[in-house]
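Dear colleague,

I am handing over the structure below, together with some notes on what was found in it. Please read them with the structure open beside you.

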Amino acid sequence: MACKKVLIIYAHQEPMSFNGSLKKVAVEELSKQGCTVTVSDLYAMNFEPRATRNDITGALSNPEVFRYGIEAYEAYKKTALTRDILEEQKKVQEADLVIFQFPLYWFSVPAILKGWMDRVLCQGFAFDIPGFYDSGLLKGKLALLSLTTGGTAEMYTKTGVSGDFRYLLWPLQHGILHFCGFKVLAPQISFGIDVSSEEERKVMVASWAQRLKSIWKEEPIHCTPPWYFQE
C-alpha cells in the first residue's frame with residue numbers, strides 16, 4: 001500500500017477520555033501501516049468556532065451588509081482567510097482520509113467541531129455552485145465519523161426512544177460530508193459509554209483498532225436517502 005495521509009479531527013476536552021483512547025489507537029494503528037497521521041486537537045488548539053468578520057483578513061466585498069458565506073468565498077479566492085482556517089484547509093487538502101472523533105452532543109457534533117466545519121469547509125474550497133455532492137471539491141477523499149454516545153444501542157433503533165441512528169447521520173454524512181464530495185465510510189459508533197463496563201470499553205477500542213487494519217479496503221456507503229430512511 002502506498003503511503004496514505006490521514007487527518008483526525010478530534011473534539012474532546014479530556015485526553016484521558018474514551019474518545020481520547022479511540023483517537024490514540026487510531027494514530028497507533030494507522031502509523032503502523034505506514035500512514036502519515038495528523039491530528040487537529042480542537043480543544044487543545046483553542047480552535048475558534050465562531051464564524052465572524054474576523055475570519056476575513058482583507059477588505060470585505062460588501063462592508064455595509066456582512067454575509068459570511070459570500071465574504072468567506074471571496075476571501076478564499078484571494079487567500080485572505082485567517083491563518084487557522086488556511087492551515088486546516090491545507091491539512092484536509094493533503095489527506096486521503098479524514099476521521100472525525102467526537103462525543104454525540106444533542107444528536108449532533110460538539111460546537112467546536114461544528115465551528116470547524118462552518119469555517120474550514122467554505123465555498124471555493126470544499127464545494128462550489130455548481131460543484132457539490134458527487135461533484136464536490138473534496139471528491140476522491142474518504143471521510144468517517146467515529147463517535148460515542150451516552151445512550152445504548154437499543155435506544156437508537158427504529159422502535160427505540162431516540163429513533164434510528166441513521167436519521168441523525170443524515171445531516172452530518174449527507175448534508176456536510178457528501179455535499180463536499182467526500183466518499184463516506186460507514187460510521188464507527190461506540191454506544192452507551194456511560195453505562196459500559198471497563199471490559200466492554202476495551203472491546204470497543206479493540207474493535208475500532210481491528211477495523212482500521214483493513215480500512216483502505218472498505219467500500220463507501222451509498223450516501224443517498226434510502227440508506228438513511230428505508231433500509
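Setting aside its neighbours within four places in sequence, S40 is in contact with L7, I8, I9, Y10, M45, E88 and K91. One of these contacts can be described further, since the side chains of S40 and K91 are joined by a polar contact of 2.9 Å. S40 has its place in strand 2, and it counts as buried because its relative accessible area is 0%, where buried means under 20%. Please keep in mind throughout that this is a predicted model.

As for the overall frame, UniProt, in an unreviewed entry, places the feature "domain: Flavodoxin-like fold" at residues 4-211. Over residues 4-211 the chain is 36% helix and 15% strand, and the C-alpha atoms at the two ends of that range are 16 Å apart.

The nonpolar interior comes next. The largest nonpolar core has 47 residues, and those with the most contacts inside it are F100, F102, L113, W116 and L121. Two or more residues are given to this core by each of strand 1 (5-10), helix 2, helix 3 (83-94), strand 3 (97-103), helix 4 (111-120), strand 4 (142-148), helix 5 (165-178) and helix 7 (225-229), and helix 5 gives the most, with 6 residues. Apart from this core lies another, of 21 residues, among them I8, L22, L142 and L144. Returning to L113, its contacts, leaving aside neighbours within four places in sequence, are with I9, A11, L42, F100 and F102, of which F100 and F102 are also listed among the residues with the most contacts inside the largest core.

Helix 5 deserves a closer look. Its buried residues are F165, L168, L169, L172, Q173, H174, I176, L177 and H178, and what covers them includes strand 3, helix 4, strand 4, strand 5 (183-184), strand 6 (188-190) and helix 7. At the N-terminal end, helix 5 is capped by D164, a side-chain oxygen of which lies 2.9 Å from the backbone nitrogen of R166.

Strand 4, which is part of that cover, is itself mostly covered, with 7 of its 7 residues buried. The burial concerns both faces, with L142, L144, S146 and T148 on one side and A143, L145 and L147 on the other. Strand 4 pairs with strand 3 in the parallel sense over 7 bridges, and within this pairing V98 stands opposite A143.

Which residues does D55 contact beyond its neighbours within four places in sequence? They are R50, Y68, A80, L81, T82, I85 and R119, and with Y68 there is a polar contact of 2.6 Å between the side chains. D55 lies in the loop between strand 2 (36-41) and helix 2 (68-77), and yet it counts as buried, because its relative accessibility is 3%, under the 20% cut-off. Measured out along the chain, D55 and S196 are 141 residues apart in sequence, and their C-alpha atoms are 41 Å apart in space.

Finally, the cysteines. A disulfide is a covalent bond between the sulfur atoms of two cysteines, and the count here comes to 0 disulfides. C122 is in no disulfide, the nearest cysteine sulfur being that of C180, at 9.5 Å; seen from C180, which is likewise in no disulfide, the nearest cysteine sulfur is that of C122. Why are these two cysteines not counted as a pair? The reason is that their sulfur atoms are 9.5 Å apart, whereas a disulfide needs them within 2.5 Å. C122 counts as buried because its relative accessibility is 4%, and C180 counts as buried because its relative accessibility is 3%.

C3, by contrast, is exposed, because its relative accessible area is 52%, over the 50% that the term requires. It is found in the segment before strand 1 and, not counting residues up to four places away in sequence, C3 touches G34, C35 and T36. The C-alpha atoms of C3 and N54, which are 51 residues apart along the chain, are separated by 37 Å.

With best wishes

Methods: Residues are numbered from 1 along each chain as its sequence is written. This is a predicted model: local features need pLDDT of at least 70, side-chain atom pairs count only at pLDDT 80 or more; totals for chains, interfaces and linings use all residues. Side-chain values use heavy atoms; hydrogens and water are left out. Helices (H or I, at least four residues) and strands (E, at least two) are DSSP runs, numbered from the N terminus. Buried means under 20% relative accessible area, exposed over 50%, partly exposed in between (1.4 Å probe, protein chains only). Contact means heavy atoms within 4.5 Å. A polar contact is a pair of N or O atoms within 3.5 Å; within protein, one must be able to donate a hydrogen and the other to accept it, and residues adjacent in sequence count only if both atoms are side-chain atoms. UniProt positions are given in the numbering used here, feature names are shortened, and annotations may be inferred rather than shown by experiment. A nonpolar core is a set of buried Ala, Val, Leu, Ile, Met, Phe, Trp, Tyr and Cys residues joined through side-chain atoms within 4.5 Å. Two strands pair if DSSP finds at least two bridges between them.
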